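Student: I am new to this structure and would like to work through it slowly, one question at a time. Could we take the packing of its elements and then some single residues?

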Amino acid sequence: MAARSGFRISPFGILCLIGVIASLYLALVWAPRERVMGDIQRIMYFHVATAWIAELAFCMVGLASVIYLWLRERKWDILAHASAEVGFVFCCFVMVTGPIWGKPVWGTWWTWDLRLTSELVLLFIYLGIIALYSTYEDKRTASRAVAVLTLVCVVNIPIIHYSIQWLGDKTLHQANSVSVGKSSMDVSMLIPLLVMSFAFKFLFAAIVIMRSRSEVLLRESNSRWVEGVLGVEK
């Protein structure tokens, strides 16, 4: 048996590479040093951008799950599965960069703040989704279980987003500097953050597409068309 393989770079991958290089330069070199926190504040560009993607990924899981329950088309289940796995990685990055930033600023690695706690809950929800996909041999049963879990837990996203406004000055977490249509952040810091967020969006899309393709091939591994796609010759 012989196999042919080709190397292809997706448009999202190219945009991601350009965006990551540009955002790294903007965040680490071009952006000014923060007056109070100093250079440790530069973690903010990575932390906030990945937090946005972690929430976006879960919204993608929820939307794909709803469409799957409605149409029963497997492609939506695969999209939900891939988005959950990639979202979990981004959420892990959030949970790592947050304490690194928080320790020198707050004087502690962790506090049971509503924003931090709800973000940790999101991480556990992602783990639950991934575990459900692995637990059931019947993918249709797993997909229905994941869809129900996602719809129940989607309430955690507005909790994460609005927790700062609800708690006001009772929270250690920095207030939201960017919201829809407005920003209290200086443009010299806003530009690196927005560029990095777009770069991570392209990264998310590129990985989800690759993971979805691999999941399709895995589920159809015994089909003849998969041999044609992979270029397998017997």
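Student: At what angle do α2 and α4 pack?
Tutor: Keep in mind from the start that this is a predicted model. In it, α2 and α4 pack with their axes 11 Å apart, and their crossing is left-handed. Because the angle falls in none of the ranges for roughly parallel, antiparallel or perpendicular, the two helices are oblique to each other. The angle at which α2 and α4 pack is about 40 degrees.

Student: How many residues in the contact of α2 with α4 are charged?
Tutor: On the side of α2 the contact holds Ala54, Glu55, Ala57, Phe58 and Val61, and these meet Glu119, Leu122, Ile125, Tyr126 and Ile129 in α4. By type, these residues divide into 8 nonpolar and no polar ones, and the number that are charged is 2.

Student: How many helices and how many strands does the chain have?
Tutor: Reading from the N terminus on, the elements run β-α-α-α-α-α-α-β-β-α-α-β. Counted by type, they give 4 strands and 8 helices.

Student: Are α4 and α5 roughly parallel or roughly antiparallel to each other?
Tutor: Helix α4 covers residues 114-135 and helix α5 covers residues 139-153, and they pack with their axes 8 Å apart at an angle of about 165 degrees. Angles over 145 degrees count as roughly antiparallel, and therefore α4 and α5 are roughly antiparallel.

Student: How many residues in the contact of α4 with α5 are nonpolar?
Tutor: From α4 the contact takes Ile125, Gly128, Ile129, Leu132 and Tyr133, while α5 brings Lys139, Ala142, Ser143, Ala145, Val146, Leu149, Thr150 and Cys153. These residues of α4 and α5 include 3 polar and 1 charged, and the nonpolar ones number 9.

Student: Which hand does the crossing of α3 and α7 have?
Tutor: Helix α3 runs over residues 74-106 and helix α7 over residues 187-219, with an angle of about 130 degrees between them and their axes 8 Å apart. At that angle the two are therefore oblique to each other. As for the hand, the crossing in which α3 passes α7 is right-handed.

Student: How far apart are the end C-alpha atoms of α3?
Tutor: With 33 residues at 1.5 Å a residue, α3 should span 48 Å, so this expected value can be set beside the one in the model. The two agree, for the distance between the end C-alpha atoms of α3 is 46 Å.

Student: Which residue just after α3 takes a positive phi?
Tutor: Just after α3 there is a residue whose phi is positive, at about 85 degrees. The residue in question is Gly107.

Student: Is Val208 buried or exposed?
Tutor: Val208 has its place in helix α7, where it touches Leu79, Ala82, Ser83 and Val86, leaving aside residues up to four places away in sequence. Its relative accessibility is 6%, and because a residue under 20% counts as buried, Val208 is buried.

Student: What is the distance between the C-alpha atoms of Phe200 and Ala49?
Tutor: Phe200 also has its place in helix α7, and at 11% relative accessibility it counts as buried. Beyond residues up to four places away in sequence, Phe200 touches Phe46, Ala49, Thr50, Ile53 and Phe90. Although Phe200 and Ala49 are 151 residues apart in sequence, their C-alpha atoms are separated in space by 7.0 Å.

Student: Which residues does Ser65 touch, not counting those up to four places away in sequence?
Tutor: Ser65 lies in helix α2, which covers residues 43-71. With 3% relative accessibility, Ser65 counts as buried. The residues that Ser65 touches, with that exclusion, are Ala80, Ala147 and Thr150.

Student: What is the relative accessible area of Arg72?
Tutor: Arg72 lies in the loop between α2 and α3, and its phi is near 60 degrees, a positive value in a residue other than glycine. Residues from 20% to 50% count as partly exposed, and Arg72 is therefore partly exposed, with a relative accessible area of 48%.

Student: What share of the residues of the chain counts as buried?
Tutor: Of the contacts in the chain with a separation of 6 or more, 73% are between residues 24 or more positions apart. As for burial, the chain has 234 residues, and the share that counts as buried is 41%.

Terms used
Residues are numbered from 1 along each chain as its sequence is written. This is a predicted model: local features need pLDDT of at least 70, side-chain atom pairs count only at pLDDT 80 or more; totals for chains, interfaces and linings use all residues. Side-chain values use heavy atoms; hydrogens and water are left out. Axes are lines fitted to C-alpha atoms, for helices over the stretch in contact, and angles run from 0 to 180 degrees between N-to-C directions. Angles under 35 degrees count as roughly parallel, over 145 as roughly antiparallel, 65 to 115 as roughly perpendicular and the rest as oblique. A crossing is left-handed if the near helix is turned anticlockwise from the far one by less than a right angle, and right-handed if clockwise. Contact means heavy atoms within 4.5 Å. Ala, Val, Leu, Ile, Met, Phe, Trp, Tyr, Cys and Pro count as nonpolar, Asp, Glu, Lys and Arg as charged, and the others, Gly among them, as polar. The expected span of a helix is 1.5 Å times one less than its number of residues. Buried means under 20% relative accessible area, exposed over 50%, partly exposed in between (1.4 Å probe, protein chains only).
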